[in-house]
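Reader: I'm new to reading protein models. Could you walk me through this one?

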Amino acid sequence: MSAAQSDVITIDIHGHVVPASIVGHAGTYGPEIYRDDAGNAILKIGSYSIIGEGLIDGPFQVPELRLAEMDAVGVDILGVSITPLLLLYWLTPEEGAHWCRIVNDSMAEYCAADPDRLFFLPTLPLQDIEASIVELERATALGGRGIYIGSEACGKPLSDEYFWPLYAKAEATGTPILIHPYPVGQDGDPGAEKDGETHDWSKDALMAWMAGYLHQETLAVASLLLSGVFDEFPGLKFSVTHGGGAVPYQFGRFEQLTLKGSDNGTVSKPKAKQPLRNYLKNLTFDCVVHDPKARQYLVDFAGPEGVLIGSNFGGWDGVNGVDYIRELGLPADQERKILCDNAAELFGLQDKVANLQARVAVAERK
């Protein structure tokens, strides 16, 4: 554990797992995990498939291997969620409820390998909001510490009043919501031809994952800010992956809309009742921003209390999130907030931090 060399327990809130026990529980969408003729590990969801080393008998399935990886990069506590490819909001409500129970049970079992160092963010069957609330209660009892949600779901933006009963529950229980996109077009066949002249980016997995995720995060946050969600639920907390997409860098454009609306009738003024910067207290952003100047700007924009360690641990663009913050050379009190305190407060991890500090103290006495 990194705390053996430092007095700061480090918390990374953005890692993914694909437990073997979920295979075959999503009806016609599988999922399947297997090796192809070339020896590649394949995750197949309906007609959508990816290659991913570590999927079979690797850290996505074996928590002890993930814990060893955490030690190697100085991460003490890791929040894990299912890969966003497996949110599967297009299952029927009954299938979705069954699927989420299997996923959350499997993630709880994964985290049981070291409950002081691993926690999970439950996924919910958003096809049915009442079922989502029931599953949230059940998954929280299993140790879940939040909600893991796509940047849109069931054909609706996150600002849609369809989600408001879930937001009311989250606000009342102090449950944070982590926004993570999933590939555009995944719910169909990404290679299928479509009518019209417009280029179908869903055919291009690289663009869908790289630029598409950032685009979706930007739209998700913009919809929440402009729609009045945070007026209705002032205590609601969202955390956004990948530094919030373009939000920190184009926030002034959102503000301009609140000031001017549109002079041609195509865009009305938003429903937000307050200056948009007042709602930044409802948002945090992880630090998966690869350019250090942009990463520093994220801290400047959101403040040291608005940034969390994130690494996309195990993902295609996974980074050392601890180093990503330490290399900025922030004042010690600001660095500590980002490395530990913000996540501990947001996700209610004070118990895990205390347990790890006690373990470190015992180790140092030996």
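Reader: Let's start with Ile 129: is it buried or exposed?

Author: First, a word on what you're looking at: this is a predicted model, where local features need pLDDT of at least 70, side-chain atom pairs count only at pLDDT 80 or more, and totals for chains, interfaces and linings use all residues. Residues are numbered from 1 along each chain as its sequence is written, and side-chain values use heavy atoms, with hydrogens and water left out. Now the idea: buried means under 20% relative accessible area, exposed means over 50%, and partly exposed is in between (1.4 Å probe, protein chains only). Ile 129 has a relative accessible area of 7%, so it is buried.

Reader: Where does Ile 129 sit, and what does it touch?

Author: Helices (H or I, at least four residues) and strands (E, at least two) are DSSP runs, numbered from the N terminus. Ile 129 belongs to helix 3, residues 129-141. A contact means heavy atoms within 4.5 Å. Setting aside residues up to four places away in sequence, Ile 129 touches Tyr 162, Phe 163, Pro 165 and Leu 166.

Reader: Helix 3 also holds Ser 132. Which backbone atom lies 3.5 Å from a polar atom of its side chain?

Author: Here you need polar contacts: pairs of N or O atoms within 3.5 Å, where, within protein, one must be able to donate a hydrogen and the other to accept it, and residues adjacent in sequence count only if both atoms are side-chain atoms. For Ser 132, the partner is the backbone nitrogen of Leu 126. Ser 132 has a relative accessible area of 0%, so it's buried. Beyond four places in sequence, it touches Leu 124, Pro 125 and Leu 126.

Reader: What about Gln 61: where is it, and why does it count as buried?

Author: Gln 61 is in the loop between strand 4 (48-51) and helix 1 (63-73). It counts as buried because its relative accessibility is 18%. A polar atom of its side chain lies 3.1 Å from the backbone nitrogen of Asp 57. Its contacts further than four places along the sequence include Val 18, Ile 33 and Tyr 110.

Reader: And how should I read Arg 35?

Author: Arg 35 comes out as partly exposed, at 43% relative accessibility. You'll find it in strand 2, residues 32-35. Its side chain reaches the backbone oxygen of Gly 39 at 2.8 Å. Leaving out neighbours within four places, Arg 35 is in contact with Asn 40, Ala 41, Glu 53 and Ile 56.

Reader: How do you describe two helices that pack together?

Author: You give the angle between their axes and the distance between the axes. Axes are lines fitted to C-alpha atoms, for helices over the stretch in contact, and angles run from 0 to 180 degrees between N-to-C directions. Take helix 7 (residues 247-260) and helix 8 (residues 292-302): their axes come within 10 Å and cross at roughly 50°. Under 35 degrees counts as roughly parallel, over 145 as roughly antiparallel, 65 to 115 as roughly perpendicular, and the rest as oblique. Helix 7 and helix 8 are therefore oblique to each other.

Reader: Which residues meet there?

Author: Pro 248, Tyr 249 and Phe 251 from helix 7 meet Ala 294, Tyr 297, Leu 298 and Phe 301 from helix 8.

Reader: Last one: how many helices and strands does the protein have?

Author: There are 11 helices and 13 strands. Buried residues make up 54% of the 366 residues.
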